[in-house]
Amino acid sequence: MATTSLAAPKMARLLYRLANHIKARQIVELGTSMGVTTMYLSKCAAATIYTFEGNASMINIALTNFEFSEAKNIVLVEGNINETLPEFVEVNRRLDFVLMDANHRYEPTVEYFNLVVERMTPGAIVVVDDIYQSNEMAKAWKEIRGHELVYGSIDLFRCGIVFFDPSLNKQHYTCTW
């Protein structure tokens, strides 16, 4: 399970650096898994990380990892994201950084994005993982990066990053390393 579901350390460090660079205070992670990426994000000392997971086995592993890491700024939201995310955003939270790594299908991915997009602060970032895992995810990625509130995007093949910074003038980059 760990070999297929965990982000590589290089990727987890990139996510941390992005969130830290924008001085994110409200971070949402959709898809906790074992909580490794969550712990990287928790190094953003001024941030609160809200991580969403519906799988009971993964929740137990993640909670053990969080306890071991002694991270105090992680809030694990347990339950089906289709139910917990709408309740969460209803509280009118302002979000600075969102990592979408759950339910890798077109409809839920676009639905989750549409739930968080109106809550994004100026300069915020959304990272969509596994954008080419399937045709559905590629379609979702194309729709997300074309959203009217997205001012810039980077396609890293493994993931896509969208920016809510008007100074970017609707720019899209594809990394071809």
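**Figure 1. Confidence along the chain.** In this predicted model, confidence in the protein chain is lowest in helix H1 (residues 2-5), with a mean of 44. Strand S4 has the highest confidence, at 98. The mean pLDDT of the protein chain is 92. Of its residues, 95% reach 70 or more. Over residues 1-5, pLDDT stays under 50. For this stretch the model has 4 contacts beyond four places in sequence. Predicted coordinates should not be read in detail where pLDDT is low.

**Figure 2. Strand S1 and its two partners.** Strand S1 covers residues 26-30. Of its 5 residues, 4 are buried, so S1 is largely enclosed by the rest of the structure. S1 pairs with strand S2 (residues 48-53) in the parallel sense, over 5 bridges. S1 is also joined to strand S4 (residues 95-100). That pairing is parallel too, with 4 bridges. Take Ile-27 as a marker: its bridge partner in S2 is Ile-49, and its bridge partner in S4 is Phe-97.

**Figure 3. A β-α-β unit.** Which elements make this unit with S1? They are helix H3 (residues 36-41) and S2. The unit is right-handed.

**Figure 4. Ser-42 in the loop after H3.** Ser-42 sits in the loop between H3 and S2. Is Ser-42 buried or exposed? Its relative accessibility is 10%, and buried means under 20%, so Ser-42 counts as buried. Which residues does Ser-42 contact, leaving aside neighbours within four places in sequence? They are Ile-49, Ala-71, Asn-73 and Ile-74. Ile-49 also appears in Figure 2, as the S2 bridge partner of Ile-27.

**Figure 5. The stacked pair Phe-113 and Phe-164.** A search of the whole structure finds 4 aromatic pairs. In one of them, the ring centres of Phe-113 and Phe-164 are 6.4 Å apart. Their planes meet at 25°; stacked means under 30 degrees, so this pair is stacked. Phe-113 lies in helix H6 (residues 106-117). Phe-164 lies in the loop between strand S7 (159-163) and strand S8 (171-174). The pair therefore ties together parts that are 51 residues apart in sequence. Both rings belong to buried residues: Phe-113 has a relative accessible area of 1%, and Phe-164 has 6%.

**Figure 6. The stacked pair Tyr-132 and Phe-157.** The ring centres of Tyr-132 and Phe-157 are 5.1 Å apart. Their planes are at 20°, so this pair is stacked. Tyr-132 is in the loop between strand S5 (120-129) and helix H7 (135-145). Phe-157 is in the loop between strand S6 (152-155) and S7. The pair links distant parts of the chain, 25 residues apart. How accessible is each residue? Tyr-132 is partly exposed, with a relative accessible area of 35%. Phe-157 has 58% relative accessibility; exposed means over 50%, so Phe-157 counts as exposed.

**Figure 7. A ring cluster, and charges over rings.** Which residues do ring pairs link into a cluster? They are Tyr-50, Phe-52 and Phe-88. Tyr-50 has a further neighbour in this view: Arg-93 lies over the face of its ring, at 4.8 Å from the ring centre. Elsewhere, Lys-139 lies over the face of Tyr-106. Here the distance to the ring centre is 4.4 Å.

Methods. Residues numbered from 1 in each chain as written. Predicted model: local features only at pLDDT ≥ 70, side-chain atom pairs only at ≥ 80, totals over all residues. Heavy atoms only, no water. Buried < 20%, exposed > 50% of the residue type's maximum accessible area, 1.4 Å probe, protein only. Pairing = 2+ DSSP bridges. Right-handed = clockwise from strand over helix to strand, strands pointing away. Phe/Tyr/Trp six-rings, centres within 6.5 Å; stacked < 30°, edge-to-face > 60°. Lys NZ or Arg CZ within 6 Å of the ring centre and 35° of its normal. Contact = heavy atoms within 4.5 Å. pLDDT = per-residue confidence, 0-100.
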